[in-house]
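Colleague: I am new to this one. Could you walk me through how to read it?

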Amino acid sequence: MLRAYAICVYIFLYLPITMIVFFSFNAGKYAMAWEGFSVFWYGKAFSNPLIMGALRTSVIIALSTAILSAIIGTLTALGLERLKGWLRITFDALIYIAIMVPGIVIGISTLIAFVSVFDLVNPSLAGLGIKLQMGTWAVIAAHVLFNIAVVALLVRARLQGMDRSLVDASEDLYATPLGTFRQVVLPLLAPSILAGFLLAFTFSFEDFIIAYFVSGPDTTLPIYIFSSIRRGVTPEINAVGSVVLLTSFVLLIIAQAVLRRGEKTARAS
Amino acid sequence: MAGLVPAILFTRGKKMRGSRPRMMKLSMTSSLRSKLVTALLLAPAGLFFVFLLLVPLAVVLLFSFGERAPAGGYVPAFTLQNYMDLPARGKAFFNTLTLAPLGTLLTALFAFPMAYFLAVRTSPKWRIALLILVMAPFWTSQLLRYYAWMIILGNKGLPSWLAMVGLTDVRIINTPWAVLIGAVYGYLPLMVPPIYVSLEKLDKRLLEASADLGATPTRTFLQVTLPLALPGVATGSMLVFILLMGDYILPQFLGGGKVFFIGNALVDLFLQSRNWPFGAAVSVALVAIMFVTIYFYMRFVLSKSDTRRAALV
């Protein structure tokens, strides 16, 4: 009986996703009325400059976010290990606040704080022909904030599970601290950093609500999808959606595999 | 935003108490250098936390005491009027504060048997793969998944199929039911993993002992399995509750403007009617309610179970 229940849950979880992919191959004009198989909408979607532009913006945002968060998050985890007392508690608290404050509030606070600053400085910058405004960079900044916290937690968990004797051995063999870090610590941390990178990429690529507030005139793919759902959908969006779904599935599975494999090697060594 | 935490949950757990780095065999000068290194390592994150989290949140707090400029935006002032006006959005608060806890509860009820199946009834070989299969949907576009549900629950979907078997005039979309279905669908992938972790850690010998002492399976379940799984249920509920409280897409798509949350009110206030000070007050209220609820919930959970694992992550 439990097995039957589990099967129902999987159907429940995957039915909507299957529907999106299924109807992306629809020949007809309407998103959910089947009129025969066709890849017409894929061609249409990938020759639509608005979709391709939004896709490019989203990839730039996600890639920048993932790279920056992976680096800064790892540095943070390493720094936290060396920290004690109230400073450490403060940093821990900030990490949890960054994770717990709802995305919508992060979006709002970033928007009004930056717009206020721009209103102050833009008149004096006008002479130089510079006008600061919200845009891609603001989305990246807000995404990095959240993902630093995620990567830091992932890497720190790994750091704490690490076998200290390896570092001691390296030190006993007269390796410099930097040498120990490069040749012992970093390889051991690599899986968690890579997993953090992939999670940050996925999060950033799919975030709608933060980008909705702070992207200014720029359009990300989720924003484009949101507005076309409101306009009434063609299978074009299903086609884009299917590609997006497939990408995130692949990334997620790689992230999980990497994380697990890393854990196994850590235990074996 | 807490959505990423379950992934972290997996990697923690076993060796939580790692030893501290042994930095003590350093002389005075190198201890100064070591402090400098620490500062440099933490500087980038520190800058982000200050300028993109603390300062913006402080600005929101400041704005919430201000007045609305005639053209929208903000005029400095000190007034509590925005907070007095909160009841004007009472419906959004009411919906959020009833449907978010209810949605969390339903998600936990549906997730528990699933987690139990994976942790106890599945062979270890398949467990992880099946668990990842449960989690995966959470990581795909929330927009697209709820869009699919919009169609399924819409008038041309489920209701028209029900009409074929004689059940006419069923309306699901744009009712609280649609939002609850969406909540269970959207957050089940997040609720199952923490419960799974707590059930997997459960010592099977306890179950055998219970059976040997003559307890019925039901009694073993109620008196052994369930209490031991509570920390996982608590963690999962916490995560789901946090995300539901701040949700926008779910009520937007499945509530269709009829069942709206605080998130929808915020989008309206900031992006349509441009009443920033009032919007700021609503944001402050949302964050305050969340943190207070979490605080009391954690205290309650921690007092109920002696394990500190129940704490968020």
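Modeller: Happy to; we will go through confidence, the contact between chains, one helix and the core.

Colleague: Where should I start, and how confident is the model in chain B?

Modeller: Remember that this is a predicted model. Its scores are ipTM 0.88 and pTM 0.87. Chain B has a mean pLDDT of 85, with 88% of its residues at 70 or more. Be careful with residues 1-26 of chain B, where the pLDDT is below 50. The pLDDT is also below 50 over residues 307-313 of chain B.

Colleague: How many residues does each chain bring to the contact?

Modeller: Chain A brings 75 residues and chain B brings 68. On the chain B side, helix 2 (residues 28-63) gives the most, with 15 residues. That side of chain B is made up of 53 nonpolar, 10 polar and five charged residues.

Colleague: What should helix 1 of chain A span?

Modeller: Helix 1 (residues 2-23) of chain A has 22 residues, so at 1.5 Å a residue it should span 32 Å; its end C-alpha atoms are 32 Å apart, which agrees.

Colleague: And where does the kink lie in that helix?

Modeller: At A:Y14, shortly before the proline A:P16, there is a kink of about 40°. A:P16 is also among the buried residues of helix 1, which include A:L13, A:I17 and A:F23.

Colleague: Which residues have the most contacts inside the largest nonpolar core?

Modeller: They are A:A98, B:A115, B:I195 and B:L254, in a core of 170 residues. Helix 6 (residues 136-161) of chain A supplies the largest share, 16 residues. As for B:L254, the residues it touches include B:Y146, B:W149 and B:I173.

How values were computed:
Residues are numbered from 1 along each chain as its sequence is written. Chains are lettered from A and ligands numbered from 1 in the order in which they are written. This is a predicted model: local features need pLDDT of at least 70, side-chain atom pairs count only at pLDDT 80 or more; totals for chains, interfaces and linings use all residues. Two residues are in contact if their C-beta atoms, placed from the backbone, lie within 7 Å. Helices (H or I, at least four residues) and strands (E, at least two) are DSSP runs, numbered from the N terminus. Ala, Val, Leu, Ile, Met, Phe, Trp, Tyr, Cys and Pro count as nonpolar, Asp, Glu, Lys and Arg as charged, and the others, Gly among them, as polar. The expected span of a helix is 1.5 Å times one less than its number of residues. The bend at a residue is the angle between axes fitted to the seven residues ending there and the seven starting there. A residue is buried if 20 or more other C-beta atoms lie within 10 Å of its own, exposed if 12 or fewer, and partly exposed in between; C-beta atoms are placed from the backbone. A nonpolar core is a set of buried Ala, Val, Leu, Ile, Met, Phe, Trp, Tyr and Cys residues joined through C-beta atoms within 7 Å. pLDDT is the predictor's confidence in each residue, from 0 to 100. Lists of a residue's contacts leave out its neighbours within four places in sequence.
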